[in-house]
Amino acid sequence: MLFNSLTFCIFLPVVLLLVGRAGLNRRNWILLAASYVFYGAWDWRFLALLMGSTVVDYTVARLMDAADDSPRRKTLLVISMVTNLSVLGFFKYFNFFIGSAVSLVQSLGGEINRPALQIILPVGISFYTLQAMSYTIDVYWRRMPAIQSLRDFALYVAYFPQLVAGPIERATALLPQIQSPGRVTPERINIGLMLMIVGFTKKMLIADSIANITGPVYSNPAAFTAGELIQAAYLYTFQIYCDFSGYSDIARGVSELLGIRLMQNFQQPYLSQSVTEFWRRWHISLSSWLRDYLYIPLGGSRRGEVRTYVNVLLTWLICGLWHGAAWTFVVWGGLNGVYIAIERFFGIARTPPVTPRSPGQWAKRVVATVLTFHLIVVTFIVFPSPTFTDLWHYLTGIAVLDNLSAVGMLPLLVGAAVFLIDIPQNAANDDTVFLRLPWWLQSPLYAGLVFAMLLYGEREVPFIYFQF
Amino acid sequence: MSSLPPPSVGDRFAAETRPPFADRYATWWKVWLPIPLLLVVLDVSFNAWFWRLPKLTGSAADYSYQYLYDLAHLRGTKQADVARIVVFGSSVSSAFDPYQVRGLLAARGIAGPVEVSRLTKPGSKPSDHRLVWHAELDAVQPDVAVFVFNLVDFLNPSFERNLKPDIRAVLPPWQTLRERWRYIPDMRERLALVTAGVSNLYRYRQPIQSAVEDNAKALYRWLRSDDGSGGGYGWFEDGFTRDRFAVPLPDPPPAAFEYFVHPAWLQQRGTVRLSFAVDGRPLATRDITSPGWKSLPLEGVGPGLLQITADSTWSPRAAGLGDDTRLLGVRLRAAPAASLNHGQAPFRYVQRLPADVDDFLRMGYARGNAYADTWQATLQDGSEFSRRFRLYRDVKLATRERRFEPTGEFAELRALVGELTAAGVSVVLINTPESPLLEGVTDSDFYRAYLQFFRDLAHDDSRVRFVDLHDALPAEDLNDWHHVNYFGQIKLGPVFAPVLEEELARRKVTAGKAADAL
């Protein structure tokens, strides 16, 4: 079920009504049932996969909690990891690895046919797999005890607002709220509705409006001039941000109305002054997951300079692969890793962001922000390119530098719309800053936005991150 | 779980019960309560305000909006002493220009005022029209319903296929749900129809979107336009003008302004109305019913810009006067100096008027063999248009191998005609031209039976007439296999007018006899 669908407009009030009238015990059953309905609306067959993953991790964690000896705990952890990664690997990477192996053998002169196996990628599998894994790892590290209630754990894995595209919540943050949800106060209603409006605005009014322009360009870059390619690169940079952060905002808003607070997944990333800072503000739940469960266990920065750079690159290559089963995603991850490694080498990563107080500092900040933004734009040329051939056409197409006037004012207009939301939030260090406006200003503003969504909601464009 | 450590990641509010800035938030109900209230008020009062907004663009800009707009203006507006003719059909119904036919009827001196409207929805079928008429007949109250159709309208039944969203947009939602429930496989579409049934804002979201966008564009154009005072505009070197033109008046101005109304203009349009203004101030209006040189006295008019607006244009090519493809207005004694022709027509809020000719002419201005060559090249050019029309060709040619069965959309049409005549409405069925380039379709048994079906309908009921125009136009007067271009449209107006005049007269006689009997 899409957030930006008529079905969800009916589904959500029904769930809120049922949850609002239920006690804690029934509340979590209702939420679990609603989560399964939400997920099953795409393809009910994949519910079995979700439930299977839930039962395995729940059982493993319980057994792990009960076990005293380290080898047994380790064995159980391995069982959980292998199970989770096997399922993810089969559904997401089987064709990719088989295809790559076949291409390698063929390039070496061998004769081998690619097996024909049509595998559908279950929506959200990359997200709920990481979420479930973080729980078993935390139990293994004794950061938390195993949960007793299978129902509550199932809800933790399947909680519908963040099930298909995050934020990837930690058990330490979400489980206590599932077991003891907060009261739905006027503040929560305010925050929830405002976040939903901001999220839907980003998604339906900004991202979906750009999609018609960027889609054809990225799918056939050879047919476009340099000006059009550059314009599409800028626009896609805004589109993916509005699409993904819009989803996160809606998820957080919906969850607030259910009395559960989700983490902030984006903090105005395009105002970052370095790529390192960008990744502290972009898809925070994933980057912190990779930091805590991959980079640090690999040794982080504790095992010397060379190993640190190796760990950084490895983490980012895996981050790229997590995003999609294609070599272009691996290159995208690697490019981010290189950026971060270079910033680390020059000490930029350790420099705190400038809080400008003088014109000189303002200038420095603007230059750093603009430069960082353009480095990110380059990565978003790689990211959506289906193949290296398309990427090559894209880059060589830009190199021709023809028809540059086609870049036009549109990226600036879209950027202005995005920064109209981001700059106040960033300046106040508060993503609920709009709630501080007088009610007579907020009310017509939100009404206008809701009206615009009603007019443009017909499109029901899926979120980009659903494919991951 | 109370012993759990606080979250290691997440926003700064994650472990708190209240956000730090919550005290500075506006009161929640003051912010949020007005929004649903406002939307409900807008929704409930929708029909009272939305359709009063002028539609700024031509029908091709958004056919659904045009259809719903025209339908809304027909609802509950029938005047007892005005004969109402409503034309409807798919895209082929654009062969009928209601504004032109109204002018021609008026020129033929029929008794009493006549109103002619057209409801065109590309892709719609008889089953769709029946749904609309079933819901709207009492409110619209036509005297004569004219169904303009082509063979293609009967070859892919609407009720047996998933409803296209753009067709669904013009259908009455509850009626559609009741009659098509089992043909709508997708629950989301059913849900959309239910929502459209209870909410005007949802049902009419597409027209609202078009209206908002059209007005935004108009505002942009208005900001960029000049007031037209920069000089004259709208004339050609040979002295002919467009429908809107202006000439600078010298100081002192001449005693009269002279202009020529071409006979072909009146043949094509019946009457012509010219509105005169000086520097935007209305000066005079002339209803012209006879051709020739005319004169407008300019006594007391100072120097300035004389602006003239005609309510229609005429086509020399459609009149058989050579290959001149322009759409023209009057002719001046002599064209003003080219140096004076540098202004732009002033901004007009409603960009298109009912009198404007639909500008569809895909094949350029070619004629004869050049037209046939262009059409063949277009069919093969790999575009979506060519793919669609190759498909139409194949579907139409395939009818030669079929036996005619008056089921499906034919049965729907029979039911529609029955419903209309039972309500006292006269029905005129018009079969539009087929392109002569599509050989073999019209001389098949299927096509003969197809025509016979309509003849039988007309034969069975004296209130039903059938006009067959399948061979009325040469290929060059069509855009493609079955859509006429504007030359064809202009030529067909004088064919429709006498048929409608006859039907209106018959109704009058019948009504008179009924009154005498009483």
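Chain A is divided into two domains in this predicted model: domain 1 spans 6-181, and domain 2 combines 187-273 with 353-467. Their C-alpha centres are 28 Å apart. Contact between the two domains involves 15 residues of domain 1 of chain A and 16 residues of domain 2 of chain A. On the domain 1 side, helix 1 (6-21) and helix 7 (171-179) of chain A are the elements that give two or more residues. That side of domain 1 of chain A holds eleven nonpolar residues, three polar residues and one charged residue.

Chain B also has a domain assignment. Domain 1 of chain B is made of two segments, 75-157 and 369-517, while domain 2 of chain B covers 233-340. A distance of 34 Å separates the C-alpha centres of these two domains. Ten residues of domain 1 of chain B are in contact with eight of domain 2 of chain B. Helix 5 (98-107) and helix 17 (486-517) of chain B are the elements that contribute two or more residues to the domain 1 side. By class, that side of domain 1 of chain B has six nonpolar residues, three polar residues and one charged residue.

The two chains touch one another. Here, 36 residues of chain B are in contact with 37 residues of chain A. Five helices of chain B each supply at least two residues to the side that touches chain A. They are helix 1 (28-32), helix 2 (34-44), helix 9 (187-198), helix 10 (200-203) and helix 11 (205-224). On this side of chain B, 24 residues are nonpolar, six are polar and six are charged.

Confidence was considered for the complex and for chain B. The predictor assigns the complex an ipTM of 0.79 and a pTM of 0.83. For chain B the mean pLDDT is 88. In that chain, 93% of the residues reach 70 or more. Residues 1-16 of chain B have pLDDT below 50. This stretch nevertheless has 28 contacts in the model beyond near neighbours in sequence. Predicted coordinates should not be read in detail where pLDDT is low.

Terms used:
Residues numbered from 1 in each chain as written. Chains lettered and ligands numbered in written order. Predicted model: local features only at pLDDT ≥ 70, side-chain atom pairs only at ≥ 80, totals over all residues. Domains from an automatic or database assignment. Contact = placed C-beta atoms within 7 Å. Helix = DSSP H or I, 4+ residues; strand = E, 2+ residues; numbered from the N terminus. Nonpolar A, V, L, I, M, F, W, Y, C, P; charged D, E, K, R; others polar. pLDDT = per-residue confidence, 0-100.
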